[in-house]
Amino acid sequence: MKPTERRVGYGTAIGYGVTDLFGGGAFAVIGTWLLFFYTTYCGLSVFEAGSIFAIARVIDAILSPIMGYITDNFGNTWLGKKFGRRRFFLLISAPLMFLYALVWVTDMSYWYYLGTYLSIELLSAMVLVPWETLSAEMTNRFSERTRLSGVRMICSQLGGLLAVSIPGILMQFTGKDNSLTYTYTGIIFACIFCVAVFTTWMCTWEAKDVREEFEPEPVTAGGGSLWHHLKSLVLDLFSSFRIRMFRQHIIIYIFSFTALDVFGAVFTYYVVYGLHQSASSVSGYLSVAALASVPSTFIFMMLLEKLNMSPSGALRLAYGIIFCVLAFLFYVYITEMAVSLLLFSAVFAIFGFARAGLYYIPWNIYSFIPDVDEIVTKKRREGIFAGVMVLTRKSTVALAIMLIGVVLEESGFVKGQGIQPESALHAIIGLMVFATGILLAVSFYMTFKFKLTRDTHRTLIKEVARLKLGGELNDCTPECQKVIKDLTGYDYQEVWGGSATRKTAGGKLAPAPGDAVGL
């Protein structure tokens with residue numbers, strides 16, 4: 001049986017999804033605790049800590065797209081033919097997960113913390129970029145991709161739950177102000193990540209078996225040179241934004257995830273300095289949200305798969321709830337209202353429900369982008385889209401923390417001080433409530449322009465299959481042409497070998513219909 005004929009059951013989906021314990025957990029820990037850890041236990045100023053994330057972003061801006069290009073073309077190599085162009089990187093990355101423990105060591109120099117954080121950025125690119133492509137490669141069925149995306153996001157939410165609950169549990173044994181809490185956290189997560197990535201390597205497959213079927217592309221003059229590959233990388237990277245659906249999706253994705261990154265990074269300061277509660281309370285509140293997110297992800301998966309709700313409608317539901325939660329937290333601060341633990345827990349359970357949809361839906365949408373791209377380029381470019389997505393995801397975490405560090409520094413925030421000046425408290429509230437709300441409002445607006453649904457995707461898949469079998473462009477129905485225009489941004493006559501194909505393929509026509517792969 002060919003790999004593309006395999007069916008994706010829940011067992012396979014779990015094996016695929018557990019790697020998001022790393023994707024979701026590693027950066028949930030970083031987003032929630034690392035800035036606090038750096039400034040409280042490592043002797044770094046807010047500005048020094050923020051600069052570490054800024055430097056990492058500059059390097060990652062190059063690294064993730066390069067990794068996507070490498071995985072798209074790794075099948076040309078001996079290793080790619082033997083181990084797979086995507087899964088090979090999972091195999092070699094599993095034992096390297098123990099580098100994560102080195103991030104959470106105290107009493108080291110600034111350069112140590114910079115170096116260890118950069119090593120995690122490199123490792124995450126090696127894992128997440130090829131892994132992100134697998135859902136699009138393993139199946140083209142809407143329900144199975146929805147299942148893969150749903151299970152992986154449940155694993156991501158579990159990672160987020162562990163990220164906030166493990167430190168809280170450890171605090172019961174190490175004390176509330178002990179740096180060993182975070183060191184032990186790093187060691188525990190390193191072990192979890194190692195097992196998860198190796199499990200995914202064992203349970204997944206690629207769209208075609210490169211060990212048996214791969215035929216290398218003809219090498220033209222200069223085709224194997226470094227300059228040729230760099231040129232192709234840049235052309236692929238920028239041409240990905242020529243696809244309308246991807247442009248819209250990346251706006252929704254960046255603004256939504258950055259909003260929650262800002263909220264997560266500042267919420268600890270809000271609780272500790274605004275509400276005068278302990279750091280363990282942060283762990284408790286976020287644990288409730290993370291726990292609620294796990295079944296909530298399944299609920300959103302059913303809304304899309306069984307009730308046929310559009311991704312845009314489900315996103316607007318999530319955004320509306322989060323707007324209400326932000327208003328509640330702002331009211332609690334300005335009125336100094338005493339809130340019972342039960343009420344706070346209920347609010348964060350509702351927040352966890354909405355957050356589950358906000359995280360799940362953009363990543364579910366991502367798996368359909370290569371299908372839209374294929375009718376334009378006649379190629380499968382999962383790797384380049386994964387590279388851009390991973391780059392933007394990691395950028396949201398670090399950029400948010402860097403900007404928060406700058407704002408807090410300018411507002412008069414004093415590291416290690418139990419009581420902060422009023423200007424710093426105002427900055428914390430402004431970031432958590434208003435900056436988060438504005439970012440979400442941009443995404444909310446963009447959902448009204450986004451046209452992907454189960455029906456439009458089915459229409460797209462059928463049309464690509466028809467063209468691959470030699471169908472004529474002139475035989476496409478007006479309804480199908482409108483779907484193609486809404487998703488790609490191009491008139492139907494421009495796709496599948498037309499002017500849009502030449503633009504997005506860097507001036508080169510892609511392979512003939514019968515040579516395309518990935519479906």
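Visitor: How much space lies in the second largest cavity?

Guide: About 60 Å³. The model is predicted, so local features need pLDDT of at least 70 and side-chain atom pairs count only at pLDDT 80 or more, while totals for chains, interfaces and linings use all residues. Residues are numbered from 1 along each chain as its sequence is written, and side-chain values use heavy atoms, with hydrogens and water left out.

Visitor: What makes a space a cavity and not a pocket?

Guide: On a 1 Å grid over the protein atoms alone, a cavity is a set of points where a 1.4 Å probe fits but cannot get out, whereas a pocket is an open set with protein on both sides within 12 Å along at least five of seven lines. Grid points are joined across faces, edges and corners, and the volume is the space filled by probe spheres set on the points. The structure holds 2 cavities of 30 Å³ or more.

Visitor: How do you know which residues line the second largest cavity?

Guide: A lining residue has an atom within 4 Å of a point. Among those that qualify are Phe142, Leu304, Asn308, Phe368 and Arg454. The lining divides into 7 nonpolar, 3 polar and 1 charged. Nonpolar covers Ala, Val, Leu, Ile, Met, Phe, Trp, Tyr, Cys and Pro; charged covers Asp, Glu, Lys and Arg; the others, Gly among them, are polar. Arg is on the charged list, so Arg454 counts as charged.

Visitor: Why is Thr19 called buried?

Guide: Its relative accessibility is 0%, and buried means under 20% (exposed is over 50%, partly exposed in between, with a 1.4 Å probe and protein chains only), so Thr19 is buried. Thr19 sits in the loop between α1 (10-17) and α2 (20-41). Leaving aside residues up to four places away in sequence, Thr19 touches Val127, Trp131, Ala196, Val197 and Thr200; contact means heavy atoms within 4.5 Å. In the chain of 519 residues, 59% count as buried.

Visitor: Why does Ser278 count as partly exposed?

Guide: Its value is 24%, which falls between the two cut-offs, so Ser278 is partly exposed. Ser278 is in the loop between α11 (244-274) and α12 (279-305). Lys176 is 102 residues from Ser278 in sequence, yet their C-alpha atoms are 7.9 Å apart.

Visitor: What is the phi of Glu336, and what is the phi of Lys378?

Guide: Glu336 has a positive phi of about 55°, and that of Lys378 is near 60°. Most residues other than glycine have a negative phi. Glu336 lies in the loop between α13 (311-335) and α14 (341-366), and Lys378 in the loop between α15 and α16 (382-410).

Visitor: Are Glu336 and Lys378 buried or exposed?

Guide: Glu336 has 73%, over the upper cut-off, so it is exposed. Lys378 has 10%, under the lower one, so it is buried.

Visitor: How do you know what counts as a helix?

Guide: Helices are DSSP runs of H or I of at least four residues, and strands are runs of E of at least two, numbered from the N terminus. The chain comes to 20 helices and 0 strands.

Visitor: At what angle do α15 and α18 cross?

Guide: The axes of α15 (369-377) and α18 (454-468) come within 10 Å and cross at roughly 40°. Axes are lines fitted to C-alpha atoms, for helices over the stretch in contact, and angles run from 0 to 180 degrees between N-to-C directions. The residues in contact include Val372 and Ile375 of α15 and Leu460 and Val464 of α18.
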